[in-house]
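Got a minute to go through the labels on this model? Let's take them one at a time and check each against its definition.

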Amino acid sequence: YTWVNDTPSIGLAATGTGNIASFNAANPGLTPVTATIIVTPHFTNGTATCDGPTQSFTITVNPTAQVNDPADQFVCNGAPTSAVNFSTTNTGGTMSYTWVNNTPSIGLAATGTGNIASFNAVNAGLAPVTATIIVTPHFTNGTATCDGPTQSFTITVNPTAQVNDPADQFVCNGSPTVAVNFSSTNTGGTMSYTWVNDTPSVGLAATGTGNIASFNAVNPGLAPVTATIIVTPHFTNGTATCDGPTQSFTITVNPTGQVNDPADQNICNGAPTAAVNFATNNTGGTMSYTWVNDTPSIGLAATGTGNIASFNAVNAGLAPVTATIIVTPHFTNGTATCNGPTQSFTITVNPTAQVNDPADQFVCNGAPTAAVN
């Protein structure tokens with residue numbers, strides 16, 4: 001037998017004699033290559049060699065299967081992934097794909113065939129979880145299915161963002177707040193925070209990003225004002241930023257303490273004073289008062305707390321004695337006690353009246369007396 005091969009690139013010589021031994025087929029391309037081999041038979045007997053009609057057959061060499069590298073994905077917990085539709089540059093046959101996933105906890109099976117439909121990604125933890133999917137391409141043409149080199153890609157599922165609940169604050173009008181530095185138990189990404197404030201009159205903007213620096217709180221009124229701040233956490237890793245549930249906290253700004261001006265008093269030595277019951281226009285908290293007295297000799301202590309009960313005034317001298325009492329108001333609400341401007345009033349204790357003893361007189365009838373002064 002002699003034969004000719006029209007496509008030596010498959011790894012078989014262009015011509016040959018006798019049987020064709022096994023050889024490693026070659027096709028570095030992307031589509032099947034078919035070689036046609038035509039064999040001629042020769043019958044020899046004696047001195048005569050007689051050729052017969054040819055026979056032809058084909059050897060089709062399929063290409064190595066190929067799959068394009070799917071894009072990596074970053075998604076949020078609970079969000080849908082992008083569908084993965086495998087593609088190839090192979091032509092001339094039928095492609096199929098099998099894949100394995102090393103992290104089924106993200107919501108994708110451990111193995112599968114064909115494209116990967118969109119699914120809702122799962123990550124109930126605090127750090128990103130990355131699944132590596134390895135896909136193997138299979139090229140089928142005729143009776144041969146040819147596998148190709150694998151491609152791997154990842155699906156990273158970011159956790160839901162989380163922010164720790166900031167502490168509520170109570171501060172006084174004009175006092176600095178405590179800086180609010182947001183924190184999270186999330187790891188493996190970058191945290192950011194946005195917030196809204198429903199009461200900008202306290203001295204804080206209506207919206208902001210990031211931590212809240214200390215600021216001087218504002219409340220020119222008479223009752224506490226409470227601002228509610230709602231913070232939203234954002235976890236960023238790769239191309240995905242994932243929002244989390246909000247936390248709210250309050251900053252309550254107490255008013256400056258205020259006390260009404262008590263009336264001055266003028267009383268006699270030994271007489272009871274009028275009780276002094278301090279009053280205020282403040283509301284929404286608890287008032288207390290402290291006071292100092294610069295003249296304890298009138299019968300009132302040098303310092304005290306709360307209202308001043310009636311007491312018997314003392315002035316053993318001959319001239320009025322005036323005590324000045326200065327009272328400081330304290331407004332308490334929550335953890336903040338806020339002092340206010342003082343008021344002063346006086347208690348003047350007059351001495352007991354005294355007259356010198358006039359001299360006795362003896363006079364005659366009709367004579368003038370001495371004037372009594």
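Q: Before the cysteines, what is the strand order in the open sheet of four strands, and what kind of pairing does it have?

A: The order is β2-β1-β3-β6, and the pairing is antiparallel. Strands here are DSSP runs of E with at least two residues, numbered from the N terminus, and two of them pair if DSSP finds at least two bridges between them. One caveat up front: this is a predicted model, where local features need pLDDT of at least 70 and side-chain atom pairs count only at pLDDT 80 or more, while totals for chains, interfaces and linings use all residues. Residues are numbered from 1 along each chain as its sequence is written, and side-chain values use heavy atoms, with hydrogens and water left out.

Q: Why do β2 and β6 stand at the edges?

A: β2 (15-17) and β6 (55-61) each have a single partner strand, so one side of each lacks a neighbour in the sheet. Direction ignored, neighbouring strands are turned by 20 degrees against each other on average, using axes that are lines fitted to C-alpha atoms.

Q: What makes β1 and β3 a pair?

A: Four bridges join β1 (residues 2-5) to β3 (residues 33-40), and the rule asks for at least two, so they pair. One of the contacts puts Asn-5 opposite its bridge partner Ile-37 in β3.

Q: Why is the link between Cys-76 and Cys-242 called a disulfide?

A: The sulfur atoms must lie within 2.5 Å, and these two are 2.1 Å apart, S to S. The S-S torsion is about -90 degrees, so this disulfide is left-handed. Cys-76 sits in β7 (residues 73-76) and Cys-242 in β17 (residues 240-243), so the pair ties together parts 166 residues apart in sequence.

Q: How do you know whether Cys-76 and Cys-242 are buried or exposed?

A: Buried means under 20% relative accessible area, exposed over 50% and partly exposed in between, with a 1.4 Å probe and protein chains only. Cys-76 has 15%, so it counts as buried, and Cys-242, at 3%, is buried as well.

Q: What about Cys-172 and Cys-338: what joins them?

A: A disulfide does, with 2.1 Å from S to S; at -90 degrees about the S-S bond, the link is left-handed. Cys-172 is buried at 14%, and so is Cys-338 at 1%.

Q: Which class do Cys-268 and Cys-364 fall into?

A: Cys-268, with 47%, is partly exposed, whereas Cys-364, with 57%, is exposed.

Note on methods:
Axes fitted to C-alpha atoms, helices over the stretch in contact; angles between N-to-C directions.
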